[in-house]
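Let's take a walk through a protein model together. Keep the picture in view and follow along as we go from one spot to the next.

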Amino acid sequence: MSLLTDLLNINLSDTTEKIIAEYIWIGGSGLDIRSKARTLAGPVTDPAKLPKWNYDGSSTDQAPGDDSEVILYPQAVFKDPFRRGNNILVICDAYTPAGEPIPTNKRHNAAKIFSQPEVVAEEPWYGIEQEYTLLQKDVKWPLGWPVGGFPGPQGPYYCGVGADKAFGRDIVDAHYKACLYAGINISGINGEVMPGQWEFQVGPAVGIGAGDQLWAARYILERITEIAGVALSFDPKPIPGDWNGAGAHTNYSTKSMRSDGGIHVIKKAIEKLGLRHKEHIAAYGEGNERRLTGRHETADINTFSWGVANRGASIRVGRDTEKEGKGYFEDRRPASNMDPYVVTSKIAETTILWKP
């Protein structure tokens with residue numbers, strides 16, 4: 001095994017200019033991450049200089065068998081924390097050979113929204129709090145839980161320390177460092193309320209970059225859990241009953257909100273979000289009705305509400321934002337399995353472009 005490790009750790013730049021590019025895309029379920037690697041002649045940092053590639057869409061539920069070719073368009077480049085050196089991770093989106101985005105390509109529409117002049121002028125910033133659950137691979141039961149049984153009730157686990165409270169910290173810390181290495185603007189991590197559940201935050205990131213960075217961070221986490229022999233779940237309510245669900249709270253601000261008097265812009269934006277509550281809920285993740293019950297720090301799925309420092313509301317405004325009269329707000333409705341391209345662009349569209 002030590003020889004295998006040595007071979008995995010070969011530094012290619014000692015002997016060749018060539019690099020390995022791992023092309024990453026989203027599969028047919030909208031949450032499954034796929035990837036494959038190719039050799040390139042030399043280092044590349046600009047996605048526009050990368051070649052397009054293709055894959056068999058019939059094997060990812062994205063194309064029929066008799067017309068299975070799907071084309072990958074490189075969109076964002078990150079350093080590869082697994083192969084290191086000049087090797088790269090490439091976030092792609094998917095198109096038909098005729099150049100039409102395939103139905104599961106949610107990035108294409110998001111990029112259109114983020115390139116609208118009104119949106120560009122507002123410089124939308126996002127900070128996404130991605131919650132997830134680590135599961136014992138063979139039994140699909142949370143890490144640290146007795147198989148078929150339950151740990152002690154919630155309370156000691158949130159930001160907890162110790163072998164009986166924090167399960168999987170090595171995975172979480174490895175992910176944190178790998179994301180920083182890759183060039184992802186990961187801003188923190190913490191243990192969550194349910195044991196075996198953790199959170200990382202990505203941001204601030206501007207526009208389409210928030211989605212690119214979150215998908216890259218999810219890919220890296222999937223790879224690390226693969227190495228550790230642990231299963232990763234983005235289910236919004238992995239364990240029924242008196243246990244917290246998993247969300248992807250999305251913090252948001254525009255240039256106008258961050259400027260003096262921005263609180264008035266924030267209130268107008270929240271009002272617009274309230275008018276489109278059902279539409280947003282429909283785009284905020286599958287199975288969210290199991291999580292948004294009005295309990296466990298959530299608002300009821302059918303009711304829109306907002307408040308200052310209220311974690312039981314749909315939208316939370318921070319105390320600092322209220323005090324300073326400018327800042328950001330947090331949309332607490334998105335589920336952990338949401339598509340960040342859909343959620344970030346939907347928020348921008350409703351708050352900046354939509355004129356009710």
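## A stop in a loop, then inward

At 39% relative accessibility, E297 counts as partly exposed, because that class covers values between 20% and 50%. Keep in mind that what you're looking at is a predicted model. You'll find E297 in the loop that runs between helix 8 (277–282) and strand 12 (306–308). Its backbone is worth a glance too: E297 isn't a glycine, yet its phi is positive, near 60°.

R84 is another residue with a backbone angle to look at. R84 has a positive phi of about 55°, and it isn't a glycine either. Look for R84 in the loop between strand 4 (69–79) and strand 5 (88–95). For another kind of backbone detail, go to G203 and P204, which are joined by a cis peptide bond with omega at about 0°. P204 itself sits in strand 9 (residues 197–206).

Now zoom out a little. UniProt, in an unreviewed entry, places the feature "domain: GS catalytic" at residues 106–356. In the model, that span is 37% helix and 20% strand, and its end C-alpha atoms lie 24 Å apart.

Next, head for the inside. The largest nonpolar core has 59 residues, and the ones that touch the most other members are Y132, I184, I220 and F329. Helix 5 (residues 208–228) supplies the largest share of this core, ten residues. Which residues does Y132 contact, leaving aside its neighbours within four places in sequence? Among them are V172, W198, F200, L221, L232 and F234. There's also a second, separate core of 17 residues, including I19, A21, A63 and L72.

So much for the packed parts; what about the gaps? Rolling a probe the size of a water molecule over the atoms shows where empty space is left. Here, the structure holds three cavities of 30 Å³ or more. The largest has a volume of about 100 Å³. Of the 14 residues lining that cavity, I26, C92, D93, T104 and N105 are the closest to its centre. Strand 5 gives the most to this lining, with four residues. By class, the lining of the largest cavity divides into seven nonpolar, three polar and four charged residues.

The second largest cavity has a volume of about 60 Å³. Its lining includes Y157, K165, F167, E192 and M194, and also G196, Q197 and W198. Those last three may ring a bell: G196, Q197 and W198 are also among the contacts of Y132. By class, this second lining has six nonpolar, four polar and two charged residues.

Terms used
Residues are numbered from 1 along each chain as its sequence is written. This is a predicted model: local features need pLDDT of at least 70, side-chain atom pairs count only at pLDDT 80 or more; totals for chains, interfaces and linings use all residues. Side-chain values use heavy atoms; hydrogens and water are left out. UniProt positions are given in the numbering used here, feature names are shortened, and annotations may be inferred rather than shown by experiment. Helices (H or I, at least four residues) and strands (E, at least two) are DSSP runs, numbered from the N terminus. A nonpolar core is a set of buried Ala, Val, Leu, Ile, Met, Phe, Trp, Tyr and Cys residues joined through side-chain atoms within 4.5 Å. Buried means under 20% relative accessible area, exposed over 50%, partly exposed in between (1.4 Å probe, protein chains only). Contact means heavy atoms within 4.5 Å. On a 1 Å grid over the protein atoms alone, a cavity is a set of points where a 1.4 Å probe fits but cannot get out, and a pocket is an open set with protein on both sides within 12 Å along at least five of seven lines; lining residues have an atom within 4 Å of a point. Grid points are joined across faces, edges and corners, and a volume is the space filled by probe spheres set on the points. Ala, Val, Leu, Ile, Met, Phe, Trp, Tyr, Cys and Pro count as nonpolar, Asp, Glu, Lys and Arg as charged, and the others, Gly among them, as polar.
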